[in-house]
Structures are given as structure tokens and as C-alpha cells.
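Good morning, everyone, and thank you for making time for this. Please take a moment to look at the sequence and the model on the screen before I begin.

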Amino acid sequence: MENSQKTGFIMRALNGIERVGNKLPHPVTLFFIFAAAVVILSAIFSAIGLSVEDPINDGETIAVKNLLSSEGILYLFESAVTNFTNFAPLGTVLVTMLGIGIAERSGLISASLRGLVTSVPRTLMTAALVFGGVMSSMAADAGYVVLTPLGAVLFAGLGRHPLAGLAAAFAGVSGGFSANLLLTSLDPLLGGLTKDAAAIINPAYAEGINYAMNYYFMFVSVFLLTILGTLVTDKIVEPRLGTYQGSVKEDVNYLRPEEKRGLWGALIAFLITIAGMAILVLPSWGPLRAGHANLIDAPFFGTLVPVILIIFFIPGLVYGLITKEIKNDKDVANQLSETMATMGSYIVLAFAAAQFVAYFSESNLGTVLAVKGAAFIDATGFKGIPLILTFIAVSGFINLFIGSASAKWAIMAPVFVPMMMLSGYSPEFTQLVYRIADSTTNVISPLMPYFAIVIAFAQKYDKKVGIGTLISTMLPYSIVFTIGWVAMLLIWMLIGLPIGPGTPTVYTQ
């Protein structure tokens, strides 16, 4: 009776989350509403004379600027275009997606994922699925539509429960979305928003932030999540599911000969590309080293966007030429155009988000809110581990209602990055904490864009699978990933390791 009551409560809570989330406006609409709210609040707080002491320049004050004044209204009209074109994540994401788009549309990423998980021994199948899922964040969609159903197929073909294979792949793809051995489009996407938010407090510091700010931590996280995901699947999820009683039989879709040749060609092209980049970066005379004794100070880290483009583009092009998916330059142009066509919704979102971020900064509401918030934190003594855990909890809770990682961070960064800076934490560290919270709750968020698709894949093997079934299956991954990732973060902090190239966890003015 007690278990049924708990189950009933969980289902009611999940249904409530789904109902509330479905009633939220589209993220584009949400940003326009927030932008309008900033304009109105700027007039109200300016009228009452709200101001704070400048956290950078002693003795000076910062007051809220009225965006409904004559000067403010003129700013709204004059800045609309430049707010959009100067929006840091816009160009960086579009450029990186040109390279990733070729790798994805030529079939390289899909073939790489299938080749990885179909070529490992039976005993390593679970680990390969989780690892492949984590690495699939190179192209976000590929993992959901290729690896998740493939995980079920592989487990079924091995006589194991197909839903356990689906869960392992889904845990890697969605729960490990932020981690990768390579830099992905997510790094400049979130990094651009972080730089803009940090500039509210310290523009000079923000200018020095590089997009690889979380790379060291996320590199190690791949192995942590692979181990944790494997243990949860083999020790918790699959035993709970029991023996598969369904009648669905599966034939594994192994790589074709031309795909294998393409992968070998792409690997050679990748190694040659890396070698070429190394020549540009490692020698003191290298153009991307520019004579700097310390590599961290070199211009290389400011060129990561075109570097990501090249590293994905060249292997993708070679793979496409070998497999005949690309026959001439027209095919390349068409694939690039198709990739940009899929970015239409992001471009619209970027326009709305750019106005909100710019208004927040111009009105000084960001600075005032950050100073007031930091003062409150200081007065309550709420710092250190409790503050970090609270931020993770808040970010994870918001993720249950707003699925898009970039949309959430565009809303949260202008508030939390300056506030955490004034509390002594670097913008790069705040972004890292956000990425952990966002990833670990993806697998239990019914409003995550691909959640319904994963349910559809699962229903092939069990018609009774619904939202509650999938969430109860994925909840152990969310809990274990959160505990393991947070523990690793705290150990990282205590040791004082950099979370990325030249990136500290603390911020000093």
C-alpha cells in the first residue's frame, strides 16, 4: 500500500510538471516577455532611485537606467540590430555547425557510433553504449535518433532486455550531454552567454574567457559517467526489468564495407588534421602560438571556433567522398545549406535572447541584482558547498520545465554569473556547475524535446511504456550521475585543479 501511494504521488508530480511545462510559452516568446519585463522594471526601479556601490570602482555608484525614458526608447530602436549581430553565441554556433553539419550529414557521426558499439566484446557492450552516448553530443540529434534505438536492438540481439540497452544509451546521450573528449558546439554556445554575463561585472575579465573553459573537467567526466552508467545499467536497471518476455527479434545493422572504408579514411584525415593544427600551435614560431612561452596565453584558445569547424569538416568530407554521399562541390554546398536551414529556430531564439541580455545589461539591472544577491548571500553566510548544491538544485528544477540548455542559460546566466562572481566563484566555474545540473536531470524531464521519441522507441518492445515507466527506469541514472558528478566537482575544487586551460574555480576582483 505504501509503495502504491509513493508511486501515485510521483506520477501526480510528474503529470503536474508536464502540464505546467506544456503551458509555458515558446522560448522565443518567453525571451520577448522577459525583455519587456526588463524595460518596465527599469522604469520602476529608476523612479525609486535604486542603486548599489560599484563592485569594481570604490566610491562610485551604479543606478538603474530607465529604458522607457527618451534616451532609453532611442536605445531600444538603435540597438535592435547590433544586439543581435553582436550576440556572442550567434556566430560561434553557426560557424561550428558548418563543420559538424558536414560530419553529420555525410553519415560520419552515425557510422562512428554504430561502429563503436557493434565492434566491442559482449562484456563491454553496456560501457560502449554509455560511452558512445556521451560522445554523441558532438551532434546532439544523432545520439537520440541513432544510438538510443540501436542500444535496444543490440541488447535484444544478445538476449538481454532491450529496454536496458535503450536506457543505457539514453543515459549516455542525455545524462552525459555536457561531457565529451572533444570540444562541441555546446562549448561556444554556452561560453558566449557566459562571457556576456561576466561582462556585466568585469568586461576585461570576460574578454579573456575562452570557450574551452570547462574542457579538462568534461574530458575526465566522460570516463566517470561511462563507469557510473555501466554500473547502474548492469546492477540496477537490467535486474529490475528482469528477463525480456516480448516477441520482438532484432537483426543488428552492422557497418557496410564502404562505411568501414569511409571510417578509416576519416580517421586518417582526422589524424592529419590534428597534426596540421599541432604544427600551427606547438612550435614557438607557430602562427597560433605567436611566440608565447605559455600555450595557455597563446592566441590558439581564441581561435577554437574555426578549429572545431576544420576538425569536423575535413574528416566528414573525406568520409562522404569515400562512401559517395558527397560526389562534388554541389553536394557539399547543399549539405552546408541543409545544416543552416535546421538552425532557423535557433537564429530566431538568438534574436529574442540577444534583446533580453542587452536590455538587462544596459539597464544596469544585472549589476544591481548581482550586488544585492551577493550581499544577501554574504549576510546569510550561505557560501561554499551549500551554495553550489543549491545552485545545482535550482538549475535541475528549472530543467524539468524548460528543456533547451541554451534557452535556460540565456535566462540564468545574466543573473547567476555576476552574482557568483561577487561571491568569489569564476564565471567558468558557474557555467560548469550549470552544465552538471542540466545534464543529470535531462533523462527525467518529460519536457526534454526527445523524451517522447525515446518513449516511442521503447513502446516497440513494450506497448505499456509511458512517461512514468521511462522516468522510473531513468531515475537511478539521474541520481547516481548527480552524486558522482558533484563528488568529483568537490574533489576537483579541494585539490585546486583548473577546470579548463588557464581556468580557475575562484574569481578575485
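Let me start with a question: are arginine 435 and aspartate 187 buried or exposed? Keeping in mind that what we see here is a predicted model, the answer is that arginine 435 and aspartate 187 are both buried. These two residues form a salt bridge, in which the closest N and O atoms are 3.1 Å apart. Because arginine 435 belongs to helix α20 (residues 427-440) and aspartate 187 to helix α10 (residues 186-198), the pair ties together parts that are 248 residues apart in sequence.

For those who are new to this, side chains of opposite charge can pair when their charged atoms come close. Searching the whole structure turns up nine salt bridges, and I would like to go through two further pairs.

In one of them, the side chains of glutamate 338 and arginine 105 meet, with an N to O distance of 3.6 Å. Glutamate 338 sits in helix α15 (residues 329-341) and arginine 105 in helix α5 (residues 88-105), so this salt bridge ties together parts that are 233 residues apart in sequence. Glutamate 338 has a relative accessibility of 39%, and therefore counts as partly exposed, while arginine 105, at 32%, also counts as partly exposed.

The other pair is glutamate 259 with arginine 256, whose closest N and O atoms are 3.5 Å apart. Here glutamate 259 is buried, because its relative accessible area is 6% and buried means under 20%, whereas arginine 256, with 42%, is partly exposed. Both residues take part in a network of salt bridges that links Arg114, Arg256, Glu258 and Glu259.

Now let us turn from charged side chains to nonpolar ones. Which residues make the nonpolar surface patch of about 580 Å²? They are Ile40, Leu41, Ile44, Leu68, Ile73 and Phe77. The elements that contribute two or more residues to this patch are α2 (27-47) and α3 (70-78), and the largest share, three residues, comes from α2. Phenylalanine 77, which is found in helix α3, has a relative accessible area of 68%, so this residue is exposed, the cut-off being over 50%.

Finally, I would like to follow α2 to one of its partners. The axes of α2 and helix α16 (residues 344-362) come within 8 Å and cross at roughly 20°. Since angles under 35 degrees count as roughly parallel, α2 and α16 are therefore roughly parallel to each other, and their crossing is left-handed.

Key
Residues numbered from 1 in each chain as written. Predicted model: local features only at pLDDT ≥ 70, side-chain atom pairs only at ≥ 80, totals over all residues. Heavy atoms only, no water. Patch = residues over 30% accessible without salt bridge, like charges linked within 9 Å, V, L, I, M, F, W, Y side chains within 5 Å. Areas by Shrake-Rupley, 256 points an atom, 1.4 Å probe, with all protein chains shown as cover. Salt bridge = Lys/Arg side-chain N within 4 Å of Asp/Glu carboxyl O. Helix = DSSP H or I, 4+ residues; strand = E, 2+ residues; numbered from the N terminus. Buried < 20%, exposed > 50% of the residue type's maximum accessible area, 1.4 Å probe, protein only. Axes fitted to C-alpha atoms, helices over the stretch in contact; angles between N-to-C directions. Parallel < 35°, antiparallel > 145°, perpendicular 65-115°, else oblique. Left-handed = near helix turned anticlockwise from the far one by under 90°.
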